[in-house]
Amino acid sequence: MKSHRYIIVGAGLTGLSVAYRLMKSGIEDFILLEGRSRIGGRILTADGIDLGAAWFQQHHDRIHKILEELGMFSFEQYVSGKGIIASKSGTPLQYFEGDSNGLPTYRIAGGSIKLIQRLADEFPHKIQMQTKVVKVENTSVGLKLHTKNEVFKCHKAVICIPPKLAYQMVFEPSLPNQLNDLMQKTHTWMSHAIKVGLTFSSPFWRKQGFSGIVFGQSSPITEMYDHSSFDGNVFGLMGFVKDELRFLPEEERKRIILNFLENVFGKEINKYIDYSEKDWSKDDFTSIKDGETLPYKLFYGNALFNRPYHNGKLFFAAAETSYSNGGYMDGAIASGFETADKMVQDIT
Ligand SMILES: Cc1cc2nc3c(=O)[nH]c(=O)nc-3n(C[C@H](O)[C@H](O)[C@H](O)COP(=O)(O)OP(=O)(O)OC[C@H]3O[C@@H](n4cnc5c(N)ncnc54)[C@H](O)[C@@H]3O)c2cc1C
């Protein structure tokens, strides 16, 4: 049985933030157990497109700070030119100048995955992939974390996965009913989203005076933005797909999306280099196929998530458990840092 002082379950931004903070406190006796064969969780960059988290804002202080600390760059979302509103089909397109909400948003140079990779580089060899934890057992000599065929022992553990997924794990002894109830009812931010991205050899929409912003009402794309890279090597458009299209076969959905975009941007849309899409509702390490009808919750954090269980040995952290910017990347970092600090303080 492998034994560690601390075990972190989940190598998304929260889990990596816990590990980074432990390292900064001089603690090295920890391991991260990650269910997927990749790290990053809801942060995923493919062909230069952020298919998961992409943006942060001025008030997301922790991201600004950690990027600076790690020597990384961010840049402002491109919004110059005309934006397009596609109302009901058959009605003419409408146009507006610049950004719609006026607040600058920022992206990480190289894609959001760069932050994940940079954090993981701080503690090489401490992440074990394809290790899905299914059971947490409290014993007199510490916690035992079970996968299908392995057992890990530790002094303290933190479960850094969305609360709804944590609810699927077995806890022995069982957790308080109030906490179970809260975990089950906490919507996983963006777990319903379908994203699409296209890359091009040049930003033809910019040359036509468009910003790349599209807002659609009942159209196949509900929102779209310029997703070109900081270094000018990738020119792209990235957006959100209407929920109902998830039930169509992939090729049919793609045809509908391209047809819509051709009406909006013209025939050049068909000269894309890469087309990628990701439906997060079909990803078992993000979503539960429970036909979720919970309202999307923008205000997260709860005292029940922010205290330890099993005599101070078991902690929960995730973007959804953070009072501050809950659901967002910034909330994930906040949750990770705060929980790591509690873990080393020996609070019971
Ligand atoms: C489409 C989309 C768009 C988004 N856009 C933005 C945005 O623009 N700006 C923003 O700030 N935020 C955005 N977000 C939210 C952002 O991605 C999250 O806040 C953040 O990534 C959450 O990190 P986390 O570590 O808490 O959870 P996750 O990223 O979900 O990480 C959990 C990790 O645990 C692993 N795991 C799950 N179960 C187990 C198990 N049993 N055993 C072991 N490992 C397990 C998973 O594989 C995963 O790696 C977006 C999310 C999505 C899906």
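Visitor: Which residues of α2 meet which residues of α8?
Guide: In α2, Asp 61, Arg 62, Ile 63 and Ile 66 meet Met 329, Asp 330, Ile 333, Ala 334 and Phe 337 of α8, where contact means heavy atoms within 4.5 Å. The residues of this contact divide into six nonpolar, no polar and three charged, with Ala, Val, Leu, Ile, Met, Phe, Trp, Tyr, Cys and Pro counted as nonpolar, Asp, Glu, Lys and Arg as charged, and the others, Gly among them, as polar.

Visitor: What should I know about the model itself?
Guide: It is a predicted model, in which local features need pLDDT of at least 70 and side-chain atom pairs count only at pLDDT 80 or more, while totals for chains, interfaces and linings use all residues. Residues are numbered from 1 along each chain as its sequence is written, and side-chain values use heavy atoms, with hydrogens and water left out.

Visitor: Back to the helices: at what angle do α2 and α8 cross?
Guide: The axes of α2 (residues 61-69) and α8 (residues 329-344) cross at roughly 75° and come within 8 Å, and the two helices are therefore roughly perpendicular to each other, a label for angles of 65 to 115 degrees, with under 35 roughly parallel, over 145 roughly antiparallel and the rest oblique. Helices (H or I, at least four residues) and strands (E, at least two) are DSSP runs, numbered from the N terminus.

Visitor: New topic, which residues come nearest to the ligand?
Guide: Thr 14, Glu 34, Arg 42, Trp 55 and Gly 327 come nearest, out of 37 residues around the ligand, each with a heavy atom within 4 Å of it. This shell divides into 24 nonpolar, nine polar and four charged residues.

Visitor: Which ligand atom does Arg 36 approach, and how much of the ligand is covered?
Guide: A polar side-chain atom of Arg 36 lies 3.0 Å from an oxygen atom of the ligand, and a backbone N or O atom of Gly 35 is 3.0 Å from a ligand nitrogen atom. The protein covers 98% of the 1,000 Å² of accessible area that the ligand has on its own, as computed by the Shrake-Rupley method with a 1.4 Å probe. The elements giving two or more residues to the shell are α1 (13-24) and α8.

Visitor: And where is Glu 137?
Guide: Glu 137 lies in strand β11 (residues 135-139), and a polar contact of 2.7 Å joins its side chain to that of His 146, a polar contact being a pair of N or O atoms within 3.5 Å, one able to donate a hydrogen and the other to accept it.

Visitor: Which peptide bond is cis?
Guide: The bond joining Glu 172 and Pro 173 is cis, with omega about -5°, and Pro 173 lies in the loop between β14 (170-172) and α5 (177-185).

Definitions and conventions
Axes are lines fitted to C-alpha atoms, for helices over the stretch in contact, and angles run from 0 to 180 degrees between N-to-C directions.
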